[in-house]
Each structure stands twice: as structure tokens, then as C-alpha cells.
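Student: Could we go through this one together, asking at each step what earns a feature its label?

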Amino acid sequence: MEERTLIKTDLQFAQEVKKGLTDFPKHLSSKFIYDQNGDRIFQKIMEMPSYYLTNCEYDTLKRNRRKIVDLFTQNSNSINLIELGAGDGKKTKLLLEELSKGNTCFKYSPIDISQNALDLLQSSLSQEYPNIKVDPYQGTYIESLKTIGNTGDEKKIILFLGSNIGNLLHEQAVLFLQELKKTMKDEDMIFLGCDQKKDPQTILDAYNDPEGITEAFNKNILARINTELEGNFNLDKFKHWEVYDPQTGTAKSYLVSIEPQDVSIKALDLELTFAQWETIHTEISQKYDDLTINALVDKAGLKIARAYADDRDYFKNYILVK
Ligand code: AVI
């Protein structure tokens, strides 16, 4: 089963890379930035003071954890805390600790495509919280949720933190929320973290650090093409470029070819030409306001039950119900 998933993922990577780099303008999906190296660089990004998102969400959860957990456990004596995208669990641990203080029986089900990420999380949790029941799932979010949804009758709380939803276009975000809704029973909830519109300079700084950590993160997609698909991208011949549109709230990452160049990707039998200053669009990081979130949630057929924010309103966490 694991092997089949891997082959399917490799094939999807190859097909999407071919499509994206032969389209005009060129593009690649940010989901392919993440491998072991991409995960490691993202961890470093989350430690950068300019990447305010992580600290803001952490503060919000820390300040409101009792109220949040009270809502999670309302009218239920058994819950399954399901997290989409396991990460290092730093923020989730706040909620797990708070849940441990109450009488509600609960388990934690992190879902991640990376078995490595799940193993790391499980071993740190078993050391810090040996009494918490952890039930990890390796796979894609929706597929795994469908499996979990069919087992047990605990109240499901689906965590989607870190503004991961912001890496989706609005249409895709609505479709994704609709898919989540299909797996929900009436009492289930989604706990959604969304980065907010703010001073455009603060946003640009979060995605444009002078140390080049975000640049290395963005370029990891080219490094993966080189190692996994026998490409010969010269990473030094591309520069990371970030733009932010304060009207739409969309931050976009590009890789810009600094000179005319040819690149070949052997495993795809592909020869590419880049003109000087030609771009590859790699990521969107959407920033929201209440109006936009209301519209997306409404289109997905869901309702906002509560919202929590840090003291500057930089980042908000919404509890969504059916
Ligand atoms: C994972 N995701 C929400 C991050 C973001 O803010 O879009 C990925 C990231 N890209 C550059 N820095 C961080």
C-alpha cells in the first residue's frame, strides 16, 4: 500500500512538472517544495522572527486554549482531534495539554503525506505525553479523512492550522472545505488558521528574508526536479521574487531566470528554454479579511461559530460548523 502511494506520488510529480513547465507562463505547484529538505527549511522559516504567522497563531492558541477546548468538547464525551499536515505539533501540543486536563476522552490523529514527519511527531509526543493516544495516518488529507470518518463515532475536530489554506486559490479552498464538510457529522468542527491582510511591508518581509532561507525553500522545487527527475537546473541562475497585492491579499512567489538558459529534464524527455527574466510561478500565500473568509465559508456551506485572534489581529483562527 505504501509503495503504491509512493509510485502514484512520483507519477503525479512527473506529470505536473511536465505540464507546468511547458505551459506559458511557466508554473509549478508549491506542494512539491516539501520533501525532507523542504520540511527542514520550512522549519527554519517558522523560526524566523519576520515569519510572524507561527508566533501569532501560537499566542492565540495559548491565550484562548481553555475556551477553544471547551467548545471542542461541548456536548461530547469523546473526541478525535484530527490534524491535516502534522508539522512539529508545537501549536497542537497546547491543545492536547489542555484537553488532558479535562474529563473528555480524546485521541489525536495527525495526517501527513510524509511518514517521516509522522514518525518524528509520534516519537516526540510519546516522550512528552506518554498517556495521549496517537493514531497517525499516512496519506492525502481527504482520503485519510474519509477512512477516519467511517470509523468510530467520536466528535471529529479537524485542525487545519498555519494558514495552509492560503496556499490554495479561492476556488480550490472552497472545494477543499466542501470536501471536508462531506466527511463531517452534524456535531463535528473545523479549526482553521488564516493569515490576515496587514501592512504590505510586513507581509513582504515574511517571504523575503535577507538570509535567503525562503529563497532556498522556493528553489527546493528545482532541487527536487534535479534529483528525482534527472534535471540540470542551475539554482544560482534563478532568483526568488515575492510580490504582494494588498487589494486581493495575494502574495505570490516566483523563480526568475537571471539569464537566457537551456535546461533539460532527462526523466521527462524534456528540453526547456528560459528567456532572461522569464518566471516560474511557484506559490501563492493568500491573506484574508473577514469579508473574504465569510464568503468562502458560506460558499462551502459552512458557518463560523467563533473566531480568535492575536492582539494585533495579524492571524485568525475560526471554528467552522455545518
Ligand atoms: C505552509 N504555508 C502556509 C507557508 C506560507 O506562508 O504560505 C509556506 C511558506 N512559503 C514561504 N514561506 C512559508
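Tutor: Sure, we'll start with the ligand and then go residue by residue.

Tutor: Keep in mind that this is a predicted model, where local features need pLDDT of at least 70, side-chain atom pairs count only at pLDDT 80 or more, and totals for chains, interfaces and linings use all residues. Residues are numbered from 1 along each chain as its sequence is written, and side-chain values use heavy atoms, with hydrogens and water left out.

Student: Which residues are the closest around the ligand, and how many surround it?

Tutor: There are 13 residues around the ligand, and the closest are Y51, N167, Y207, E283 and S285. A residue gets into that group if one of its heavy atoms lies within 4 Å of the molecule.

Student: What makes the pairing of the ligand with the side chain of Y51 a polar contact?

Tutor: The term asks for a pair of N or O atoms within 3.5 Å; within protein, one must be able to donate a hydrogen and the other to accept it, and residues adjacent in sequence count only if both atoms are side-chain atoms. An oxygen atom of the ligand is 2.5 Å from an N or O atom in the Y51 side chain, so the pair qualifies. The side chain of Y207 also has an N or O atom 2.5 Å from a ligand oxygen, and for the side chain of S285 the value is 2.6 Å.

Student: How much of the ligand does the protein bury?

Tutor: The protein buries 98% of the 340 Å² that the ligand exposes when taken alone. Those areas come from the Shrake-Rupley method with a 1.4 Å probe; for residues, only the protein chains shown count as cover.

Student: Which elements give two or more residues to the shell around the ligand?

Tutor: They are α2 (36–47), α9 (213–229) and β12 (279–286). Helices (H or I, at least four residues) and strands (E, at least two) are DSSP runs, numbered from the N terminus.

Student: What is the make-up of the shell by class?

Tutor: The shell has 6 nonpolar, 6 polar and 1 charged residues. Ala, Val, Leu, Ile, Met, Phe, Trp, Tyr, Cys and Pro count as nonpolar, Asp, Glu, Lys and Arg as charged, and the others, Gly among them, as polar.

Student: On to P25: why is P25 called exposed?

Tutor: Buried means under 20% relative accessible area, exposed over 50%, and partly exposed in between (1.4 Å probe, protein chains only). P25 has 53%, so it counts as exposed. P25 lies in the loop between α1 (2–22) and β1 (26–27), and a cis peptide bond joins F24 and P25, with omega about -5°. The C-alpha atoms of P25 and T279 are separated by 7.2 Å, though they are 254 residues apart along the chain.

Student: Why would anyone flag a cis bond or a positive phi?

Tutor: Because most peptide bonds are trans, and most residues other than glycine have a negative phi.

Student: Where does N75 lie, and is N75 buried or exposed?

Tutor: N75 sits in the loop between α3 (52–73) and β2 (78–84), and its phi is positive, about 55°, although N75 is not a glycine. Its relative accessible area is 79%, so N75 is exposed.

Student: And why is S76 called buried?

Tutor: S76 has 19% relative accessibility, so it counts as buried. S76 lies in the loop between α3 and β2, and its side chain reaches the backbone oxygen of S78 at 3.0 Å.

Student: How do you know that S163 is buried?

Tutor: Relative accessibility is 6% for S163, so the label is buried. S163 is in the loop between β6 (155–160) and α7 (170–182), with a positive phi near 60°.

Student: What makes N208 partly exposed?

Tutor: At 39%, N208 falls between the two cut-offs, so it is partly exposed. N208 lies in the loop between α8 and α9, and its C-alpha is 6.7 Å from that of E242, 34 residues apart in sequence.

Student: Last one: why is A251 called buried?

Tutor: A251 has a relative accessible area of 1%, so buried it is. A251 lies in strand β9 (residues 250–257), and A251 and I284 are 5.6 Å apart, C-alpha to C-alpha.
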